[in-house]
Amino acid sequence: MPRLFVAAWPPPEVAEAITGAARQARAVLGPDAPVRWTTPEQWHVTLRFLGAVPDAAALSEALAGAPLPVGPLATLGPGVAWLGRRVLHVPVAGLDDLAGVVAGATAGFGREKPGHPFTGHVTLARVREARGRPRAVGGVAGLVGVEVAGSWTVDEVTLVESHLSAAGARYEVLGRWRLGPR
């Protein structure tokens, strides 16, 4: 069964700003940090994670009929931060309404997380686990100074399948939907 999510992707100029922040974060954490870094090809904002969905075609139909708003403005920053104890990320603001529409359109598909608010972000790295627990990461305080700025008008959402492997995730876009009236 495919492992799916709905996402918005930053354009190349915004990915460049994220690249600069990732480079600084790597320098602060050092080469031996117990994290798995993501690549620019993986940088996206997950609007809704669905997990295993048996009927991707029905999910695509639901997204095709969704009243997706006209291009919201996604804004990075102000800096690199931790999401919980495991995810190093760049916060992304401005996509709450879009994520709400996507959640409404895809209700009944995939796994539900009641009471789990949307937190817009682009993942830079995930902490590797040691015996089921996240490892300690040094240099965390130094990340406070790693700033990132940028914004873009989101003009489409995508349905993405995640293929997991020991080398990391590879993403395959299954469908694209333009935002705004149809």
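L4 is buried, with a relative accessible area of 0%. This residue sits in strand 1 of a predicted model. Leaving out residues up to four places away in sequence, L4 touches F49, L50, G51, V53, A56, L59, L159, V160, E161 and L174. L4 also shows how the chain returns on itself: E172 is 168 residues away in sequence, but the two C-alpha atoms are 9.5 Å apart in space.

The protein as a whole has three helices and 12 strands. Its radius of gyration is 17 Å, close to the 16 Å that the globule rule gives for 182 residues, so the protein is as compact as a globular protein of that length. The C-alpha trace spans about 45 × 35 × 30 Å along its principal axes. Of the 182 residues, 43% count as buried. Among contacts between residues at least 6 apart in sequence, 78% join residues at least 24 apart.

A second buried residue is H89, which is found in strand 6 (residues 87–93). H89 counts as buried because its relative accessibility is 4%, and the cut-off for buried is under 20%. Beyond its neighbours within four places in sequence, H89 is in contact with two runs of the chain, made up of G79, V80, A81, W82 and L83 on the one hand and H121, V122, T123 and L124 on the other. G175, in contrast, lies 25 Å from H89, C-alpha to C-alpha, at a separation of 86 residues in sequence.

The loop between strand 4 (73–76) and strand 5 (81–83) contains P78. The peptide bond from G77 to P78 is cis, with omega near 20°. As a rule, most peptide bonds are trans.

Two helix residues come next. T19 is in helix 1 (residues 12–29). With a relative accessible area of 19%, T19 is buried, since the limit is under 20%. Apart from residues up to four places away in sequence, T19 touches P40 and W43. V101 is in helix 3 and falls in another class: at 23% relative accessibility, V101 counts as partly exposed. The contacts of V101, leaving aside neighbours within four places in sequence, are A66, P67, L68 and P69. R36 is 65 residues from V101 in sequence and 31 Å from V101 in space, C-alpha to C-alpha.

Helix 3 also takes part in the largest pocket, as one of the elements that give two or more residues to its lining. The space in this pocket is about 1,300 Å³. Of the 41 residues that line the pocket, T46, F49, K113, H121 and R126 are the closest to its centre. Two of these have already appeared above: F49 among the contacts of L4, and H121 among the contacts of H89. Besides helix 3 (96–105), the elements that give two or more residues to the lining are strand 1 (3–8), strand 2 (35–37), strand 3 (45–52) and strand 7 (121–127). Strand 7 gives the most, with five residues. By type, the lining divides into 18 nonpolar, 13 polar and 10 charged residues.

The last topic is charge pairing. Side chains of opposite charge can pair when their charged atoms come close. The structure holds two salt bridges. One is formed by D155 and R178, whose closest N and O atoms are 3.6 Å apart. This pair links distant parts of the chain, with D155 in the loop between strand 10 (151–153) and strand 11 (156–163) and R178 in strand 12 (residues 170–178), 23 residues apart. D155 is partly exposed, with a relative accessible area of 39%, whereas R178 is exposed, with 53%.

The other salt bridge joins the side chains of E156 and R176, at 2.7 Å from N to O. E156 lies in strand 11 and R176 in strand 12, so this pair ties together parts that are 20 residues apart in sequence. R176 is exposed, with a relative accessible area of 51%, since the cut-off for exposed is over 50%.

Methods
Residues numbered from 1 in each chain as written. Predicted model: local features only at pLDDT ≥ 70, side-chain atom pairs only at ≥ 80, totals over all residues. Heavy atoms only, no water. Salt bridge = Lys/Arg side-chain N within 4 Å of Asp/Glu carboxyl O. Helix = DSSP H or I, 4+ residues; strand = E, 2+ residues; numbered from the N terminus. Buried < 20%, exposed > 50% of the residue type's maximum accessible area, 1.4 Å probe, protein only. 1 Å grid on protein atoms, 1.4 Å probe; cavity = no way out; pocket = protein on both sides within 12 Å on 5 of 7 lines; lining within 4 Å. Points joined across faces, edges and corners; volume = space filled by probe spheres on them. Nonpolar A, V, L, I, M, F, W, Y, C, P; charged D, E, K, R; others polar. Contact = heavy atoms within 4.5 Å. Rg over C-alpha atoms; globule rule 2.2 N^0.38 Å.
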